[in-house]
Structure formats: structure tokens, C-alpha cells
Amino acid sequence: MEDSRIALPIGTTLDRYIKKKQDEFQYATGELSQLLRDIALAGKVVNREINKAGLINIVGPIGAQNVQGEDQQKLDVLANIRFIRALTKGGEACAIISEEDEEITDLNNDGKYVIAIDPLDGSSNIDVNVSIGTIFSIYRRVTPVGTPITKEDVMQKGNEQAAAGYLLYGSSTMLVYTTGHGVNGFTYEPSLGEYFLSHPNMSIPENGKIYSINEGSYSSFSTPVKSYVNFCKENSYSGRYIGSLVADFHRNLLKGGIYMYPPTAASPNGKLRLLYECNALAFIVEQAGGSASTGEQRILDLQPEELHQRTPLFIGSKNMVSKVEEFYGV
Ligand SMILES: O=P(O)(O)OC[C@H]1O[C@](O)(COP(=O)(O)O)[C@@H](O)[C@@H]1O
Ligand SMILES: [Mg+2]
Ligand SMILES: [Mg+2]
């Protein structure tokens with residue numbers, strides 16, 4: 001017999017939710033909704049491939065490097081193909097910036113939106129069956145529809161995002177997104193092939209006791225970062241670091257915490273990319289009541305100069321991020 005303590009009524013599907021919000025906020029004429037559906041659909045395909053990755057020879061490196069000199073994994077490349085294909089077929093996107101492509105992928109000049117995407121985040125965890133994700137940002141183009149896209153369309157500040165989200169391929173698969181009216185999370189039910197609203201109006205605790213950082217690089221952290229890490233230890237915070245940004249971020253969003261990727265000897269500007277990693281999560285965290293900073297400046301105010309630009313990132317519970325900024329002297 002079903003236990004009423006654990007059996008939840010299955011309610012709102014992603015499709016129904018998007019439709020309802022579109023009617024409520026009229027945030028678009030339907031194209032933005034369609035883009036979210038396209039991304040959600042590609043996410044289902046990628047999820048299926050990840051689930052059987054070890055069985056169909058798609059784990060491991062592909063033998064090439066991306067523009068940033070990182071070894072591409074087979075799944076990085078496959079996920080990139082899946083998302084680009086879905087966004088191309090949809091017709092709403094005029095351009096895509098991807099971690100896996102050196103240049104902008106030009107699509108339909110009649111599309112109104114520019115997409116920035118990290119198709120597979122947490123590549124080093126693919127082969128070891130640990131949670132990985134996809135991160136995306138959606139911007140409205142600034143040049144007239146029907147004309148070729150320009151640098152202006154692509155190099156927009158994070159605070160211009162129309163929507164942003166991530167897919168987390170974890171112990172369950174989730175889609176979390178915002179269109180600037182709060183953050184909502186949907187859990188994928190594979191047997192029904194549907195995402196259902198499971199985490200409405202997500203908000204991050206103002207204070208947290210989890211810190212996530214690759215402490216192996218401690219010796220090359222700057223003094224403010226070392227001081228903050230020591231502060232976390234003195235206060236007996238829990239150290240939790242999966243090494244998949246999406247997964248670390250998602251845990252901290254639910255529980256309260258901070259994720260940090262500061263400048264290190266190996267990555268003097270930090271490792272994470274502004275356009276397709278940091279901006280999306282910064283928009284989400286702010287919509288959930290948290291903050292995202294370089295240590296000295298709000299992430300969403302940064303003016304991008306390059307497609308694959310990196311930035312230091314401190315993101316999570318508001319009071320934790322302001323404590324880091326205090327150590328920076330902000
Ligand atoms: O191994 P490190 O240096 O701690 O870096 C881990 C970080 O690198 C990333 O894997 C970078 O993302 P990609 O896997 O998309 O390149 C983040 O997900 C993660 O938080
Ligand atoms: Mg990534
Ligand atoms: Mg990636």
C-alpha cells in the first residue's frame with residue numbers, strides 16, 4: 001500500500017508551468033517559452049545518454065582539446081551537439097556561444113535570442129559516475145531581428161539576461177531556471193518523460209555553514225581568500241566540494257553555503273567562464289536571494305570582453321559572500 005508520508009501528488013508539468021507563467025507575465029510572445037522547452041528536451045536526450053554512458057562507449061576523452069586547452073570528453077562533444085541541434089531546430093536563437101566552440105555559432109538571423117551554454121559541466125566527474133550538469137544563459141539580441149548578429153548582441157552583461165538555468169544530472173535529474181521572477185526547480189520523471197515542478201520559489205538561506213572550494217590550491221590563494229577559508233574552519237563550517245560547479249551550487253542553494261573558485265597559480269583569473277558558467281548561476285542565486293561576486297564586484301555587472309573570459313567566483317548565501325568581500329576590503 002502507498003505510504004501517504006512519502007507519496008507526493010504529481011502536479012504541474014514544466015510545459016503547463018511555462019504556459020501559465022507566459023500568460024501571467026507575458027514575458028514573451030512565446031519564443032522564450034519555446035527556447036526553454038528546446039533546452040529541456042535536449043536535456044532529456046543528454047540525460048538518457050549519461051545514464052547509459054558506461055555501456056555505449058561514450059565515457060573518456062575524445063582525443064582533442066577545446067579552445068581553452070582542456071581535454072574534451074566524448075560526452076562534452078555529444079552534449080554540445082544535442083543542445084545546438086535542439087536550439088537550431090527551434091529557430092528562436094540567432095546565435096550560440098558554447099564552451100566547446102571557439103567561435104560563435106551563427107544560427108537564424110530571424111531569431112531573437114542569444115544563448116550561452118556550458119553543455120556539460122563537471123567533465124572530470126563523467127567517468128566516475130558523479131553528478132554533472134548543463135548551464136545556460138538566454139539574452140535578447142540588441143540589434144534588429146533579421147540582420148546579422150554583432151559583438152554587441154553577444155557581449156552583454158549578465159544583468160541583461162532574459163532567462164538562465166541549469167540541468168543537474170544527479171541522483172535525480174532536475175531543471176532549475178529563472179526568467180527574473182524567482183527560481184523554480186523541476187524534477188524529471190523518466191518513466192513519464194516529463195519534468196514536474198518539485199521546488200517552487202526556491203530561496204537560498206541568508207546564512208550558511210557549507211563552504212565549497214578546491215582547497216588543494218590553498219598555497220596559491222590570495223590573502224583575503226586564505227583568511228576567509230580559515231574563518232570557515234574556525235567556525236567549524238562543513239567543507240563540501242564535488243568538483244562539478246552545478247552540483248556544488250545546487251546543494252548550497254538548497255542548504256545555504258558558498259562556492260568559490262578564486263584566482264590560483266594554475267588559473268590566475270579563476271577557472272570559471274563568465275558568459276556560460278558564472279552569469280547564469282549569478283542570475284539564479286540573486287533571484288533566490290543570494291549573491292555572486294568576484295570578491296570585489298558583482299558578477300552581473302561585469303562587461304564581457306572575450307567569449308571565453310574567466311572570472312573569479314564567490315557565489316551563494318548573501319552573508320557568506322559579503323564576508324568574503326569584507327576580507328577583500330570592499
Ligand atoms: O578541478 P577543479 O580545478 O577544482 O575545477 C572544478 C571546476 O571545473 C569545472 O569542472 C569546470 O567546468 P567544465 O567541466 O564545464 O569545464 C567546474 O564544474 C568545477 O567546479
Ligand atoms: Mg563548466
Ligand atoms: Mg563544460
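This report describes two magnesium sites, the surroundings of ligand 1 and an aromatic cluster in a predicted model.

Residues are numbered from 1 along each chain as its sequence is written, and chains are lettered from A and ligands numbered from 1 in the order in which they are written. Because the model is predicted, local features need pLDDT of at least 70 and side-chain atom pairs pLDDT 80 or more, while totals for chains, interfaces and linings use all residues; side-chain values use heavy atoms, with hydrogens and water left out.

**Magnesium sites**

Donors here are N, O and S atoms within 2.8 Å of the metal (3.2 Å for Na, K and Ca); water is not among the atoms, so sites may look incomplete. For the magnesium ion (ligand 2), coordination comes from D118 (OD), D121 (OD) and E277 (OE), at 1.8 to 2.1 Å. Along the chain, these donors follow the spacing D-x2-D-x155-E. D121 belongs to strand β5 (residues 113-121) and E277 to helix α7 (residues 274-287), so this pair ties together parts that are 156 residues apart in sequence. Helices (H or I, at least four residues) and strands (E, at least two) are DSSP runs, numbered from the N terminus. D121 and E277 are both buried, a term for under 20% relative accessible area, with exposed meaning over 50% and partly exposed in between (1.4 Å probe, protein chains only).

The magnesium ion (ligand 3) has E99 (OE), D118 (OD) and L120 (O) as its protein donors, at 2.1 to 2.2 Å. Their spacing along the chain is E-x18-D-x1-L. E99 sits in the loop between β3 (93-98) and β4 (105-106), and D118 in strand β5, 19 residues apart; the pair links distant parts of the chain. Both E99 and D118 are buried. The two sites share a residue: D118 bridges the magnesium ion (ligand 3) and the magnesium ion (ligand 2), which are 3.7 Å apart.

**Ligand 1**

There are 17 residues around ligand 1, of which D121, N214, Y241, Y259 and Y261 come nearest; a residue counts as near if one of its heavy atoms lies within 4 Å. D121 is also a donor of the magnesium ion (ligand 2). The table lists contacts of oxygen atoms of ligand 1 with N or O atoms of the protein; a polar contact is a pair of N or O atoms within 3.5 Å (within protein, one must be able to donate a hydrogen and the other to accept it, and residues adjacent in sequence count only if both atoms are side-chain atoms).

| Residue | Part of the residue | Distance to an oxygen atom of ligand 1 |
|---|---|---|
| L245 | backbone | 2.8 Å |
| Y259 | side chain | 2.7 Å |
| R273 | side chain | 3.1 Å |

On its own, ligand 1 has 470 Å² of accessible area, and the protein covers 88% of it. Such areas come from the Shrake-Rupley method with a 1.4 Å probe; for residues, only the protein chains shown count as cover.

**Aromatic cluster**

The structure holds 11 aromatic pairs. Rings of Phe, Tyr and Trp (its six-membered ring) pair if their centres lie within 6.5 Å; planes under 30 degrees apart count as stacked, over 60 as edge-to-face and the rest as tilted. Y228 and F231 are stacked, at 5.8 Å centre to centre and 25 degrees between the planes. Both residues lie in helix α5 (residues 223-234), 3 residues apart, about one turn of the helix. F231 and Y237 have ring centres 6.1 Å apart and planes at 90 degrees, so this pair is edge-to-face. Y228 counts as buried at 1% relative accessibility, and Y237 is buried at 17%. Ring pairs link Y228, F231, Y237 and F327 into a cluster.
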